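Reader: Please take one part of this model and look at it closely with me. I am a first-year student, and short sentences help.

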Number of protein chains: 2
Amino acid sequence: MPGGTRATRRREVRVDGEDTIPMRRPDPDSPEGRGGAGIVVPAGPPSTGRAGLDRRRILGAAIEYIDRHGLAALTMRRLGAHLGVEAMALYRYVPGREQLLDGVVETVVDELYGDPEVHLRAAHGWQDYAQRLAHGVRRIALAHPEVFPLVATRPPAAPWVRPPLRSLRWIESFLTVMTDSGFSPEAAVAAYRAYSSFLLGHLLLEVSQKGVQITPEDAPEGVPDTGTDLGQYPLVVELEELLSRDESAAEFEEALENLLDRLESVRAEGRVPGERSE
Amino acid sequence: MPGGTRATRRREVRVDGEDTIPMRRPDPDSPEGRGGAGIVVPAGPPSTGRAGLDRRRILGAAIEYIDRHGLAALTMRRLGAHLGVEAMALYRYVPGREQLLDGVVETVVDELYGDPEVHLRAAHGWQDYAQRLAHGVRRIALAHPEVFPLVATRPPAAPWVRPPLRSLRWIESFLTVMTDSGFSPEAAVAAYRAYSSFLLGHLLLEVSQKGVQITPEDAPEGVPDTGTDLGQYPLVVELEELLSRDESAAEFEEALENLLDRLESVRAEGRVPGERSE
DNA sequence: GTGAACGGGTTTACGCCGTAAACCCTGCGG
DNA sequence: CCGCAGGGTTTACGGCGTAAACCCGTTCAC
């Protein structure tokens, strides 16, 4: 294979003719770009024709509501109204608001299971596995930008559950794939930590950035945007064009492959990750 | 200088005799370990002997209150009581709760200025600068674990302001140092993005992890901790010891140096970071 | 000296929140 | 026919953020 220890280059997007002209190519993880992230609640038990409250329906509605109106707008009363029901009715299925939010987080993260591109086991090597998982999580983050900060900040069940991978099942899956691929237990755990930090940092910043682009009350003035003083920050002004460019997808890909390369070299050399390579 | 293109190895902690035995050495960024992060409000105008509300005093009290009781416990009424004043009195200095929280975030981040180990300009090279800045931010995160999620998730003023570096001044500083050190504008901006993602991911996970260790209502049972079922996750069980170990400080250092190494190679080769190094 | 203005704090009041408790209502097994 | 239970509603309470009116010591122009 050419490229030495480089990460395998997979899932090229390949949209139109050449790559030399940097055409705007669609983000492969943008909502409905791929995979099943985004569809939430197919149905409850298929018996009842119409309403019938139900925990799954409630969580689905909550997610939809947050996606549409933002987390701060979600109240028990409004969620009830959205479901055509009185607020107190929700309490038969959910102990309270906090646990409702826990359920929202869990439900959103569980969309991973419905994503056909993400697998629990590594059929084509650990790098493919990690790539698919990372993009699956990214798809979720982009599909639910208002929910993702919740995924990131809600205190996990155990100290070693690290968002955004918040379920034992995925942790077990990740560690299994890694150890089966030749990582020592220490290296697998270190990889798990590095991987979760990477995902959390990148995706949290990406969704928060997306959030800001719309919100600044629509900038109705004639002069473009000189909101704050500026001027004492000449380099920021000079680089504003560069700074404002949104290269999230490419950056994510680049940083992810970089991380995987680093992990691969750890694996190949059988090091424990704290050591120097040299 | 020995070490080739390796990141300069600085600020070794050096506590006792040898390094070969991995003794528990203190975290250099733990509260009051170094630097001024943690002290918040020296005084307002030194004239008034006792009370006299004041925006700085309010923000300081709010930070202290959050540090002590958690973010959810902070209400205008309680903060007022904590200051010996009626809630409505706060509104003369702060437009509302949201802006109070914005002020809290800003104040906490501004503790960087008071940290003698962090400099706005690079006196000893960009890597030293970036190291110091990163550890300064980490010190802040560890000093205010309950505030840091706020630092991470509050929507920034502009889309290119990336937490945890939330002030134009530090962005200008960072970009200046990088471009002055031979980074192309593109590379400097890419470095800024990678650096903020790194800090955010690592520190958010670190503080959230710290938060969990205490909270699980003190685990009063005899059997250690078998809270959830487990058992279907044999590898997690097997690696539980490894997973529970807290190596935050070393991991932070290792990942940081790794990032800086990567940036250095980008700088040395004059690449734009998307390109392959080969 | 005196009265108007004013900064800074308090009181009162309103609407919304989460949620405990009591209350219906409808279908169903005996 | 009855009781009962599941599922939704009503009512009620305390706490929240905050608008508006109020009060009261200082200051300052005259």
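Author: What follows starts with the start of chain A, then turns to the DNA, and ends where the chains meet.

This is a predicted model: local features need pLDDT of at least 70, side-chain atom pairs count only at pLDDT 80 or more, and totals for chains, interfaces and linings use all residues. Residues are numbered from 1 along each chain as its sequence is written, while chains are lettered from A and ligands numbered from 1 in the order in which they are written.

Take the whole chain before the part. Chain A has 10 helices and zero strands. Helices (H or I, at least four residues) and strands (E, at least two) are DSSP runs, numbered from the N terminus. Along the sequence the pattern reads α-α-α-α-α-α-α-α-α-α. Of the 278 residues of chain A, 38% count as buried. A residue is buried if 20 or more other C-beta atoms lie within 10 Å of its own, exposed if 12 or fewer, and partly exposed in between, with C-beta atoms placed from the backbone. Contacts reach along the sequence too. Among those in chain A between residues at least 6 apart, 67% join residues at least 24 apart. Two residues are in contact if their C-beta atoms, placed from the backbone, lie within 7 Å.

Now the part itself. UniProt lists residues 52-112 of chain A as "domain: HTH tetR-type", in an unreviewed entry. UniProt positions are given in the numbering used here, feature names are shortened, and annotations may be inferred rather than shown by experiment. That stretch is 59% helix and 0% strand. Its end C-alpha atoms are 27 Å apart.

Start with α1(A), residues 55-69. Its 15 residues should span 21 Å at 1.5 Å a residue, and its end C-alpha atoms are 21 Å apart, which agrees. The expected span of a helix is 1.5 Å times one less than its number of residues. Which residues of α1(A) are buried? They are A:Ile58, A:Leu59, A:Ala61, A:Ala62, A:Ile63, A:Tyr65 and A:Ile66. These buried residues pack against α2 and α3 (97-110) of chain A. After the helix comes A:Gly70, with a positive phi near 95°.

Chain B can be read alongside. There α1(B) has buried residues including B:Ile58, B:Leu59 and B:Tyr65. They pack against α2 (76-82) and α3 (97-110) of chain B. B:Gly70 follows α1(B), and its phi is positive, near 95°.

Next, the DNA. The unreviewed UniProt entry places a "DNA-binding region" at residues 75-94 of chain A. This span is 35% helix and 0% strand, and its end C-alpha atoms lie 13 Å apart.

Which residues come closest to DNA strand C? Of the 15 residues surrounding that strand, the closest are A:Thr75, A:Gly96, B:Leu53, B:Glu86 and B:Met88. A residue is near a molecule or strand if its C-beta atom, placed from the backbone, lies within 6 Å of it. Helix α2 (residues 76-82) of chain A gives the largest share of this surface, three residues. The surface near strand C divides into seven nonpolar, three polar and five charged residues. Here Ala, Val, Leu, Ile, Met, Phe, Trp, Tyr, Cys and Pro count as nonpolar, Asp, Glu, Lys and Arg as charged, and the others, Gly among them, as polar.

DNA strand D also has 15 residues around it. Nearest are A:Glu86, A:Met88, B:Thr75, B:Met76 and B:Gly96. The largest share of this surface, three residues, comes from α2(B). Its residues divide into seven nonpolar, three polar and five charged.

How do the two chains relate? A rotation of 180° with 0.0 Å of shift along its axis superposes chain B on chain A, with an RMSD of 0.0 Å. The two copies are thus related as by a two-fold rotation axis. Copies are superposed by least squares on the C-alpha atoms of residues with pLDDT of at least 70 in both. In chain B, the C-alpha nearest the axis belongs to B:Gly201, 1.8 Å from it. The same surface serves both copies, as 100% of the contact residues of chain B recur in chain A.

Last, the contact between the chains. It takes 51 residues from chain B and 51 residues from chain A. On the side of chain B that touches chain A, α7(B) supplies the largest share, 18 residues. That side divides into 28 nonpolar, 16 polar and seven charged residues.
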